[in-house]
Structure formats: C-alpha cells, structure tokens
Amino acid sequence: MKRLLLSIEALAATSFPAVGLNSAVAAGNTGRGATVAVAGSDLGRILVNGSGRTLYLFEKDTHGKSACAGQCAGFWPPLLASGKPLATAGAKASLLGTIKRADGRLQVTYNHHPLYTFVKDTKKGQTNGEEVNAFGAEWYALSPAGGKVEKKNDAQNGGGDQPPAPAPAPGGYSY
C-alpha cells in the first residue's frame, strides 16, 4: 500500500507541471512573439497564424480594443503573444502590434484589429468562421492589407462595399 501511494505522488508531481506547460503552449505563451503570415484560401490571400490557421477580426471590436472575452474567447481564441509578434510570408511588420486584454495578456493586432482564430477551423486553410454572426457582430478573415475579406459571391450579390445588383425586370431578365 505504501508503495502505491508513493507511485501516485510521483505521478502527480511529474504530471502537473506538464499540464501547466501544455496549457501555456496552447495559449501561445511560449516566450516568443506570435507569428502572422499570408496564405492562399478559398477566400483568396488571407492572414494565418504560425500553424496556418485563419486569423479573424471581430466587427464589435472598437478603437483597437477587444470586445471578445469569456465564452466568446472560448469559441474565438485571441492570438496571444508574450513577445513582439513576427510578420512572415507576406504579412507586413508595420501593421503588427499588440494590445493588453482585460486579463493582462497581450493580444496581437494587425492594422489595429485584434486577431482571433476559430475553434471550428481545425486544419490549415479552413475558413469556417467567415461571416459568422456571433457574440453581437460578424467575423471576417483579414487581407494582407489589413482589411476584412468577404466571400467573393457576396461582392457579386450586393454584399460588402459593392452596390447591389439590379433587380430583374418583369419576365426575369435584367438589363
């Protein structure tokens, strides 16, 4: 019995530090700045993190401050850094920055937009968070210039900054 207790204590002593370390790595707190790059996707060229996952802006964020915390940040994890963020593969270093979140951690920004990933993007190149309306506003991937990217068919169908397509004339034809 004494031997079993010693084994459990030894296991606990070696397991808990590893759990803490894994949590820090998952949160992006690796002692280095986060990486922002550009990659091709079904939306065109967009910003991605160091793992190739799409980075999003949240339209509810204002004045460079994050409006996503709590449950929101559970679905849309902020891109965190413990050092200066690094621009690679087409991202512009001059557009990178950081803000301090309410919990004191640093979140990476691009063109003053706080950056997030989406939990349903589980592989490189996925854009499942594009134009999702959640937590009070819409979410968009970012272009290398730092603006929101809209689905190509939305611009053709009156979405975004494009004027709406003319309504069809009677008989189904448009002029």
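This is a short tour of the structure, stop by stop, with something to select at each one. Keep in mind that the model is predicted.

**The whole chain**

Start with a cartoon of everything. You should find three helices and 11 strands. Walk from the N terminus and the order reads α-β-β-β-α-β-β-β-β-β-β-β-β-α. Of the 175 residues, 33% are buried. Switch on a surface and you are looking at about 10,500 Å² of exposed area, with carbon and sulfur atoms supplying 56% of it. If you like contact maps, look away from the diagonal: among contacts with a separation of 6 or more, 64% are between residues 24 or more positions apart.

**The largest core**

Next, select Val-36, Leu-47, Leu-79, Val-108, Tyr-110 and Leu-115 as sticks. These have the most contacts inside the largest nonpolar core, a set of 15 residues. Colour strands E1 (35-41), E7 (106-110) and E10 (137-142) while you are there, as each of them gives this core at least two residues.

Now centre on Leu-115. Which residues does it touch, leaving aside neighbours within four places in sequence? The list includes Val-36, Leu-55, Tyr-56, Leu-79, Val-108, Tyr-110 and Leu-142. Pro-77 and Pro-78 are in contact with Leu-115 too, as are Gln-107 and Thr-109.

There is a second, separate core, this one of 11 residues; pick out Phe-58, Ala-73, Ala-137 and Trp-139, which are among them. As background, nonpolar side chains in soluble globular proteins tend to be buried together.

**The disulfide**

Select Cys-68 and Cys-72. This is the one disulfide in the structure, with the two sulfurs 2.0 Å apart. The torsion about the S-S bond is -110 degrees, making the link left-handed. Buried or exposed, then, for Cys-68? Cys-68 is buried, because its relative accessible area is 1%, and Cys-72 is also buried, at 4%.

**Two salt bridges**

Two salt bridges turn up in the model. For one of them, show Lys-148 and Glu-59, whose closest N and O atoms are 2.8 Å apart. This pair links distant parts of the chain, 89 residues apart: Lys-148 belongs to strand E11 (residues 148-149), while Glu-59 is in the loop between strand E3 (56-58) and H2. Lys-148 is partly exposed at 37% relative accessibility, and Glu-59 is partly exposed with a value of 37%.

Then jump to Asp-103 and Arg-105, where the closest N and O atoms are 2.8 Å apart. Asp-103 is partly exposed at 45%, and Arg-105 is partly exposed at 33%.

**A nonpolar patch and two positive phi values**

Go back to the surface and select Phe-75, Val-119 and Phe-135. Together they form a nonpolar patch with about 230 Å² of accessible area. Phe-75 sits in helix H2 (residues 71-75) and is partly exposed, with a relative accessible area of 37%. Phe-135 is in the loop between E9 and E10, and counts as partly exposed because its relative accessible area is 33%.

Check the backbone of Phe-135 before moving on: its phi is near 60 degrees, a positive value in a residue other than glycine. For the last stop, select Glu-131, which also has a positive phi, near 60 degrees. Glu-131 lies in the loop between strand E8 (113-114) and strand E9 (133-134). With a relative accessible area of 18%, Glu-131 falls under the 20% cut-off, so it counts as buried.

Notes
Residues are numbered from 1 along each chain as its sequence is written. This is a predicted model: local features need pLDDT of at least 70, side-chain atom pairs count only at pLDDT 80 or more; totals for chains, interfaces and linings use all residues. Side-chain values use heavy atoms; hydrogens and water are left out. Patches are made of residues with over 30% relative accessible area and no salt bridge: like charges are joined within 9 Å, nonpolar side chains (Val, Leu, Ile, Met, Phe, Trp, Tyr) within 5 Å. Accessible areas come from the Shrake-Rupley method with a 1.4 Å probe; for residues, only the protein chains shown count as cover. A salt bridge is a side-chain nitrogen of Lys or Arg within 4 Å of a carboxyl oxygen of Asp or Glu. Helices (H or I, at least four residues) and strands (E, at least two) are DSSP runs, numbered from the N terminus. Buried means under 20% relative accessible area, exposed over 50%, partly exposed in between (1.4 Å probe, protein chains only). Contact means heavy atoms within 4.5 Å. A nonpolar core is a set of buried Ala, Val, Leu, Ile, Met, Phe, Trp, Tyr and Cys residues joined through side-chain atoms within 4.5 Å. A disulfide is a pair of cysteine sulfur atoms within 2.5 Å.
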